[in-house]
Amino acid sequence: MSDADVGGVALMSRMAWWRLGALLVLTAALVLGLWELALWALDVHVPEGSAWLLRSRALVTAAALAAVAGLYVGRVGRAYGSLLAVRRMEAQLDCAPVTVVRLDASGRITHVNEAWRRFARDNGADAPTIAGVGLGYLEVLASARAPELQEVAADLADVLAGRRPNARWEYACHAPTAVRWFTAEARGLDDGATVIVHTDVTEAQLASGRERAHATLAQVVVLGASVPEAAAAFAQKVSAELEWPLAALWLPSAAAPGALACAEAWAIDPALAPAKDALMAAGALAASALFAAGAAPSAPEWLDLDADEASPCAHADRAAPFGLRTRVAFAVEADGEVLAVVELYCPVRRRFDLAFNGLVMNAAQQLSVGEGRRRAEAAAALAARRHSTLFQSSRDALMTLTPPTWTFTRANDACLKLFGAKGEADFVARGPWELSPELQADGRPSGEGAKANIETAMREGSCSFPWTHQTLDGRPFPASVLLSRIDLDGESFLQATVRDESALAKARADEQAARSRLDSIVSCAPVVLLTTDREGTVTFINQRDAAAQALVGATWLNFVPGAEHDQHRARFARVLQSGVSETYEARGRVAEGEPPRDFSVHLGPLRQGDTIVGVVVAALDVTELRRTQAEVTAGQRLSAMGTLAAGVAHEINTPVQFVSDSMNFLSDACRDLFGVVFAEREVGRLAAAGVGADDLERALAAAREAEAEADLDYLQDQMPKAFERCSDGLARIATIVRSMKEFAHPAQKEMAPADLNRAIMSTLTIATNEYKYVADLETDLQPLPPVTCFISDLNQVVLNLVVNAAHAIGDVVGSTGARGRIRVATRHEGDEAVVELCDTGTGMPPELLGRIFEPFFTTKAVGKGTGQGLALAWAVVQEKHGGTLRVASVVGEGTTFTIRLPVAGKKERAAAGIAPPSSAPPATEPARASRTQAA
């Protein structure tokens, strides 16, 4: 029980024990008198001389007993009468529904009613407190710790002392399972006693609090507060009025969509500040986490947080460590969305309050309805603003017409501008007949046509048609009109959308003229242009003759030989799939009976938006160009041969010279040998003839002289060497001649397998005179499979690169006598043969690398270079062989050219479905050539 309970009950249990003591004394006197009277009446023997004393004592005692008996009987009668009156009063007080306590002048309880005893028993009081009588009411109040009870004690002391006639108090007396409020009134009586009446006003207090909370909610709703503002005001009011000392407001979390976060919390009791902080630190939670499983988010939920019981809501367990025992949570929803959740906590186990439940349900419903209304009003206002904005911002002229006269009621700015009106008032003041000429373009009266169109729009909901309008100053213009019926609030009207078609008509005329010009240009283009669908059927061809137009609807493969159809289909499919254009050369017939011609074919995707709907085929007849290029290539080869002729002649002259010198030496040696042979033969002849000794001696002397002149030892040593020099010289001559023959081999009509390493060595042999004075040659020719190619063209490419390298190194070394280095290497990588040529020449800056493959572009001095060598090399490698030619260069360090050729040839690579390299001149690689590469 609270201190107020103890004080109220204890005062009712203390009675006046002195009355019991007086009654006992009277009873003892009565017994003594009766004893004396009995002795006297029985004439009990007494000693002589004492009889008179006994008799006199008996008489006195009898008189005393009579007096006492009379007094006792009187008092007993009066006491019995008083007791009956008290019994009647107590019976009446026990019927009172309020607690009544009677105090004597000293503040002790003399009477309590049944309501007191029942209240004490319900709250577990002890027996003296339940009895109440004899308790010191002021003493109990003085021992209480509650400050408000000290004020009650002071007021009650004034009433007991007669300083004031009465006093009234209101106080809270909460039970462990309920909140309670009481009023107490003390009133002094004429006999000095005081009566205190306690009245339970809990229901009135709760009703008043609920009314104030509801009034607060109604006020914020009427004022148009938002859901968070209204919920916060309601939570604070309920917390204060109905004594829920901790409240929290949960709102949608900005950091976690779909979750709620504690936006604000209030703690009336400062001791609950840690619980408030715990709620604020809870983080984002799902709406379902704030309610027990299965609880509807819109229904209040009461949770018993007794430490001995598990809460059905996991979130509610956060409150138990702070002594909170009851929690209610209710949600505010709109359109199925939880807009806010209000939580209330209480430190006692409060019983389920149906009235409070109705309050929070009503609050949630009002907030939800208010939010729904606010959203509906906002949506309506937004729709109105959007309609007005769309109406005014439309680039088309908009106007509204109402039946039955079909006069204008509204017009947007575009309408006013189109018809030349000064303002909307000026426009609606005019009739529709002022916006159209008398007759339409088809000769029909405008009024008749307008009436028919209006009837169609009202009947079918809309009607669109071309129309000739006129401005307010009478200028006619073509327009397209859309009449739309609009039904609003039970009424129907028309909205007319008018679009000026003058610009469109002019654009169409301009488009037609442009299309005609484009057709003329395309038809005159010296290239066959055609488009196909995804199946390869021709849909357009720029040639205007009947034979060409007859191809529309046929397959585009009719232009190419049947043996090459598979290759062309593969290219066609790749373009459709990847959207990447392909350029290649092919042979085809323009007409039956004519020889085949060479074409440069470009296949590109035909797009419609982002979708590839077919292929564009551009075929350029390059027969004469290729013939001219072949002639130019042959001429360049001959020019190169002429350029190399002097060097080749010099290279041949050196072995011819030492072969000639060796032959002269051998001729002289033979003459000397034959002289010795002839002299010795003469000696033999004379000896056989038997001549005289003198003649024989002369012959021997002549033979010895011939032998001495011939120097047989020298001839024996030098003649074999002379023969070796002749053989070596003749071999070198044969190599040069063979290399020249291979280099000057007539151009091939078709690719054929060739030994690329041997061809490179032949080219290096005939170019020796170009580099031998300035550079040393290093070769690293690894084994290669036969490469399908035009070998004579590749010989020309290698020669051009070697000559360029020799010139670049010559520019570096000059006349210093230093020597550079040229390195030629080959290797096999996958399905490609790779040729690298590195030099230690001057190198090239980045701004020149992008142009070195352009025809007629050269970095050499005037008269030293034509600018055709690298352009020819790129055309041979990229276009003719389907390979790649890349260059890397560093100024002051050197340049590296890398050639990659398909081993199987260009056609086989295309047949395998491998896309050819780009037809544009290759982009240069990052400069990484260095002297170590050339080394």
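Two strands count as paired if DSSP finds at least two bridges between them. Helices (H or I, at least four residues) and strands (E, at least two) are DSSP runs, numbered from the N terminus.

The model is predicted: local features need pLDDT of at least 70, side-chain atom pairs count only at pLDDT 80 or more, and totals for chains, interfaces and linings use all residues. Residues are numbered from 1 along each chain as its sequence is written, and side-chain values use heavy atoms, with hydrogens and water left out.

**Exercise 1. Place strand E6 among its partners and state how far it is covered.**

Step 1. Strand E6 spans residues 246–252. Six of its seven residues are buried, where buried means under 20% relative accessible area, exposed over 50%, and partly exposed in between (1.4 Å probe, protein chains only).

Step 2. With strand E7 (residues 259–267), E6 forms an antiparallel pair over seven bridges. Pro252 has Leu260 of E7 as its bridge partner.

Step 3. The hairpin of E6 and E7 has six residues between the strands, and in it Gly258 takes a positive phi near 85°.

Step 4. E6 also runs antiparallel to strand E11 (residues 337–346), joined to it by five bridges. Here Leu249 is matched with Val342 of E11.

**Exercise 2. Describe the surroundings of Ala235.**

Step 1. Ala235 belongs to helix H9 (residues 227–241).

Step 2. Ala235 counts as buried because its relative accessibility is 0%.

Step 3. Leaving out residues up to four places away in sequence, Ala235 touches Ala247, Trp266, Val342 and Leu344; contact means heavy atoms within 4.5 Å.

Step 4. From Ala235 to Ala248 the C-alpha to C-alpha distance is 7.4 Å, at a sequence separation of 13 residues.

**Exercise 3. Do the same for Thr532.**

Step 1. Thr532 sits in strand E17 (residues 528–533), and it counts as buried because its relative accessibility is 1%.

Step 2. With residues up to four places away in sequence not counted, its contacts include Trp556, Phe572, Leu606 and Val615.

**Exercise 4. How many salt bridges does the rule give, and what is the exposure of the partners Arg459 and Glu460?**

Step 1. The rule asks for a side-chain nitrogen of Lys or Arg within 4 Å of a carboxyl oxygen of Asp or Glu. The count comes to 24 salt bridges.

Step 2. Arg459 and Glu460 form one, with the closest N and O atoms 3.9 Å apart. Arg459 is exposed because its relative accessible area is 55%, and Glu460 is exposed because its relative accessible area is 55%.

Step 3. Glu582 and Arg574 form another, at 2.6 Å from N to O. Both Glu582 and Arg574 are buried.

Step 4. Glu836 and Arg827 meet at 3.3 Å, N to O. Glu836 is buried, at a relative accessible area of 19%, whereas Arg827 is partly exposed, at 22%. Shared partners link Arg827, Glu829, Glu832, Glu836 and Arg900 into one network of salt bridges.

**Exercise 5. Which strands stand at the edges of the five-stranded open sheet, and which helices pack on the sheet?**

Step 1. The strand order is E23-E25-E26-E28-E27, with mixed pairing.

Step 2. Strands E23 (775–781) and E27 (884–890) are at the edges; each has a single partner strand, so one side of each has no neighbour in the sheet.

Step 3. Neighbouring strands are turned by 10° against each other on average, direction ignored. Axes are lines fitted to C-alpha atoms, for helices over the stretch in contact, and angles run from 0 to 180 degrees between N-to-C directions.

Step 4. E27 pairs with strand E28 (residues 894–902) in the antiparallel sense over seven bridges, and Leu885 has Ile899 of E28 as its bridge partner.

Step 5. Helix H21 (residues 756–766) packs on the sheet and touches E23, strand E25 (820–829), strand E26 (832–839) and E28; its direction makes about 170° with that of E23. Helix H23 (residues 791–813) also packs on the sheet, touching E23, E25, E26 and E28, and its direction makes about 150° with that of E25.

**Exercise 6. How many disulfides does the rule give?**

Step 1. A disulfide is a pair of cysteine sulfur atoms within 2.5 Å. The count comes to zero.

Step 2. Cys262 is buried, with a relative accessible area of 10%, and Cys838 is buried, with 1%.
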